[in-house]
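Visitor: I'd like a close look at one part of this model, the bit around the cysteines, and then a walk outward from there. Could you take me through it?

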Amino acid sequence: MKRAIIATLCLMAASTSQSADWHATYKTDEMRGTSTKFLQTVSDNSVEFDFPYSGGSNLTLVLRSKKTALKKDQKPESLPVTEALLVISKGQFSCNSYDGCSVSVKFDDGKIQKYSMSGAEDSSSDVIFFDKSSSFIKNVKSHKKMIIEASFFQEGDKQFKFDLTGIEQPKA
């Protein structure tokens, strides 16, 4: 009986199409009357770094809108995302704010593309920003999977896999 239940669950899991876990959050500045929309998803895999970052690190892809004054009856959900950034859970990117860096990205089974990146203005080493986000965001919205390869301080290049499906219906 247990074997039949386990076999049935395995078949159901294998045939069920799951989309990525995209989450939407909104930041509202009531004083200024502005809002910002954030869409984010975490890599399907983690990588192992040496001490002090050991224990597995994930990469988060964040897409955000510009801070916008909402028009009458406009909801933050309607704001278009225009900027893209990457955040490592534990570790340091090899990228700085004065001369930048690049990441390699492969969408579906396409060719590897290089994207220029910039470090954070506050010199945070766990965040990097896409210099020209529009083409990257367009690719994220039109593909099903992606691999990003980024360089990390004293760790070299590491690859992170993403399921891009479900971006149009993020969880709140």
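Guide: Sure, let's start at the sulfurs: Cys95 and Cys101 are joined by a disulfide, with an S to S distance of 2.2 Å. Keep in mind that this is a predicted model, so every number here is computed from predicted coordinates. A disulfide is a covalent bond between the sulfur atoms of two cysteines. If you go hunting for others, a search of the whole structure turns up 1 disulfide. The torsion about the S-S bond is -95°, which makes the link of Cys95 and Cys101 left-handed.

How do the two ends sit relative to the surface? Cys95 has a relative accessible area of 14%, so it falls under the 20% cut-off and counts as buried. Cys101 comes out at 22%, so it lands in the partly exposed class.

Now follow the chain into strand β6, which covers residues 101-107. Its partner β7 (residues 112-119) runs antiparallel to it, and the two are paired over 6 bridges. For a concrete register point, take Ser102: its bridge partner in β7 is Ser116. The hairpin made by β6 and β7 has 4 residues between the strands, and there Asp108 adopts a positive phi near 50°. That's one backbone angle to look up if you're browsing a Ramachandran plot.

Strand β6 has another neighbour, too. It pairs with β9 (residues 145-152), again in the antiparallel sense, this time over 4 bridges. Here Val105 is the residue to click on, as it stands opposite Ile148 in β9.

The β6-β7 loop and β9 also meet through side chains. Lys145 and Asp109 form a salt bridge, with N to O at 3.8 Å. Lys145 belongs to strand β9 while Asp109 sits in the loop between β6 and β7, so this pair links distant parts of the chain, 36 residues apart. As for solvent, Lys145 is partly exposed at 43% relative accessibility, whereas Asp109 reaches 67% and counts as exposed.

Let's zoom out to the charged pairs elsewhere. The structure holds 4 salt bridges, and another one of them is between Lys171 and Asp21, whose closest N and O atoms are 2.5 Å apart. This pair also connects distant parts of the chain: Lys171 is in the segment after β10 (156-163), Asp21 is in the loop between α1 (2-15) and β1 (23-29), and 150 residues separate them. Lys171 is partly exposed, with 44% of relative accessible area, and Asp21 is partly exposed as well, at 40%.

Then there's Glu83 with Arg64, a salt bridge with an N to O distance of 2.8 Å. Glu83 lies in strand β5 (residues 83-88) and Arg64 in strand β3 (residues 59-64), so the contact ties together parts that are 19 residues apart in sequence. Glu83 has a relative accessible area of 26%, which makes it partly exposed, and Arg64 gets the partly exposed label at 25%.

One last stop, away from the charged pairs: Thr34, in strand β2 (residues 34-42). With 11% relative accessibility, Thr34 counts as buried. Leaving aside residues up to four places away in sequence, Thr34 touches Lys27, Thr28 and Asp29, and also Lys67, Thr68 and Ala69.

Definitions and conventions
Residues are numbered from 1 along each chain as its sequence is written. This is a predicted model: local features need pLDDT of at least 70, side-chain atom pairs count only at pLDDT 80 or more; totals for chains, interfaces and linings use all residues. Side-chain values use heavy atoms; hydrogens and water are left out. Buried means under 20% relative accessible area, exposed over 50%, partly exposed in between (1.4 Å probe, protein chains only). Contact means heavy atoms within 4.5 Å. Two strands pair if DSSP finds at least two bridges between them. A disulfide is a pair of cysteine sulfur atoms within 2.5 Å.
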